[in-house]
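Welcome! Take a moment to look over the sequence and turn the model around on your screen before reading on.

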Amino acid sequence: MRRTSFALFAAGVATFALLYSTQAVLPELSAAFGVTPAQSAWSLSLATVGLGVALLVTGPLSEKVGRTPLIHLSLMLSALVGLGCAVAPGWHVLLGLRLLQGVTLAGLPAVATAYLREELPAGVQARAAGLYIGGTALGGMAGRLVTGTVAGAFGWRWALAAVALLGLLCAVFVLVTLPPSGNFTRRRSAAMTWRAFTDPALISLYAVGACAMGAFVAVYNAIGFRLTAAPFDLGPAAAGAVFLVYPAGTLSSTLAGRLADRFGRRAVLPFGCALMLLGLLLTLPDRLPVLIAGLAVLTAGFFCVHGLASGWVPVRAHAGDVPAAQAASLYLFAYYAGSSIFSSISGTAWSAAGWPGVVMLAAVFVAVSGVLAGALRRVPILVPAGG
């Protein structure tokens, strides 16, 4: 369990540092290429579009070729494409590379939770999934913090190069550390695809992930513009430092996994939605300490929700005789569809109504997640055949 957890933690760090590497430098990209804030957000949206579409292929593919080969290939290729992003000669080339990077990143998230369900005892699966999601939280922080800091000193190109090197180091660590699959069995999944679309709990979990991610990305896409404008007027490095709140997500996802192993995911998931809403409200005052506290609470709530929902999907799928990686891929497709769609909308909300407009947009998404989380408490529990 220790080797598996550490390896997937590092893999999560690499994947999400690379995925969100442009988010902290959106104002710099907007200025460098002469695009609007909403257009600059496409450097993130296209990466999540590529990732979401590729997940529909990599999840079912892993049922035939195995989990660990896809993980290793995904990490290595994504880091190399990241280096290409750093030397992109123009805006459209950068967008094309970010789309490609999203495709190459799909191998890890498509199979990570399915790998954990197969390789670890049931009593520690939620805890291990929480630690993996904690790695994604740390990766999101590292990517944004590294790019914000390096961009302030050397420019956005060196910032993207630094994140790509971080991804390459993590890929090597995972290659050496991650145990090969011991309980994986190849299966034909096409005949069972429809079940992943018809189970009410799985459908609700897909929607929870999409809406929670939409709210989260809407806030973090716009926060750089808010912090670099009046009344805060922070520089890129200082604005990027706001991502230091991400360890709150690492702690909350790990703690939520422990609580879920003890009390059940149904009991803990609504609490994460409530934390997100509280965090959003705390970001409204124009006081930097309160704003940072609000972002920390929002981040803790989001990673609680995402950690529980993403870990719940393969467990529910297994109980309903649905291929776990296929269901996990559909969850993540919805999750990144929410990111792609709502990240662009957040730029429009910022331009039209400022920060209150962004908060209102995100609050609607969180409210939908909360309603669905409450409804999941009433969905019947499935018991796997034979146990």
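This report walks from the whole chain down to single residues.

**Where the values come from**

This is a predicted model, in which local features need pLDDT of at least 70 and side-chain atom pairs count only at pLDDT 80 or more, while totals for chains, interfaces and linings use all residues. Residues are numbered from 1 along each chain as its sequence is written, and side-chain values use heavy atoms, with hydrogens and water left out.

**The whole chain**

Let's begin with the overall fold. The chain has 16 helices and zero strands; both are DSSP runs numbered from the N terminus, with H or I over at least four residues for a helix and E over at least two for a strand. The radius of gyration is 19 Å, close to the 21 Å that the globule rule gives for 387 residues, so the chain is as compact as a globular protein of that length. That radius is taken over C-alpha atoms, and the rule is 2.2 Å times the number of residues to the power 0.38. Along its principal axes, the C-alpha trace spans about 60 × 40 × 35 Å.

How much of the chain is buried? Buried residues make up 59% of the 387 residues. Here buried means under 20% relative accessible area, exposed means over 50%, and partly exposed is in between (1.4 Å probe, protein chains only). Among contacts (heavy atoms within 4.5 Å) between residues at least 6 apart in sequence, 85% join residues at least 24 apart.

**The nonpolar cores**

In soluble globular proteins, nonpolar side chains tend to be buried together. A nonpolar core is a set of buried Ala, Val, Leu, Ile, Met, Phe, Trp, Tyr and Cys residues joined through side-chain atoms within 4.5 Å. The largest one holds 106 residues, of which L8, Y206, Y246 and Y336 touch the most other members. Leaving aside residues up to four places away in sequence, Y246 touches A137, G140, M141, R144, F216, Y220, T299 and F303. There is also a second, separate core of 17 residues, including L29 and C85.

**A bent, enclosed helix**

Now find α7, residues 107-119. Its 13 residues reach 18 Å from first C-alpha to last, close to the 18 Å expected at 1.5 Å a residue, where the expected span is 1.5 Å times one less than the number of residues. Helix α7 bends by about 30° at T113; the bend is the angle between axes fitted to the seven residues ending there and the seven starting there. Is α7 buried or exposed? All told, 13 of the 13 residues of α7 are buried, so this helix is largely enclosed by the rest of the structure.

**Two loops to explore**

Three loop residues make a handy set:

| Residue | Loop | Relative accessible area |
|---|---|---|
| T36 | between α2 and α3 | 38% |
| A230 | between α11 and α12 | 62% |
| D233 | between α11 and α12 | 52% |

Just after α2, G34 takes a positive phi of about 65°. T36 and G347 are 311 residues apart along the chain, yet their C-alpha atoms are separated by 8.9 Å.

Most residues other than glycine have a negative phi, and most peptide bonds are trans. In the other loop, a cis peptide bond joins A230 and P231, with omega about 5°. D233 has a positive phi near 55°. A230 also lies 9.5 Å from D286, C-alpha to C-alpha, with their positions 56 residues apart in sequence.
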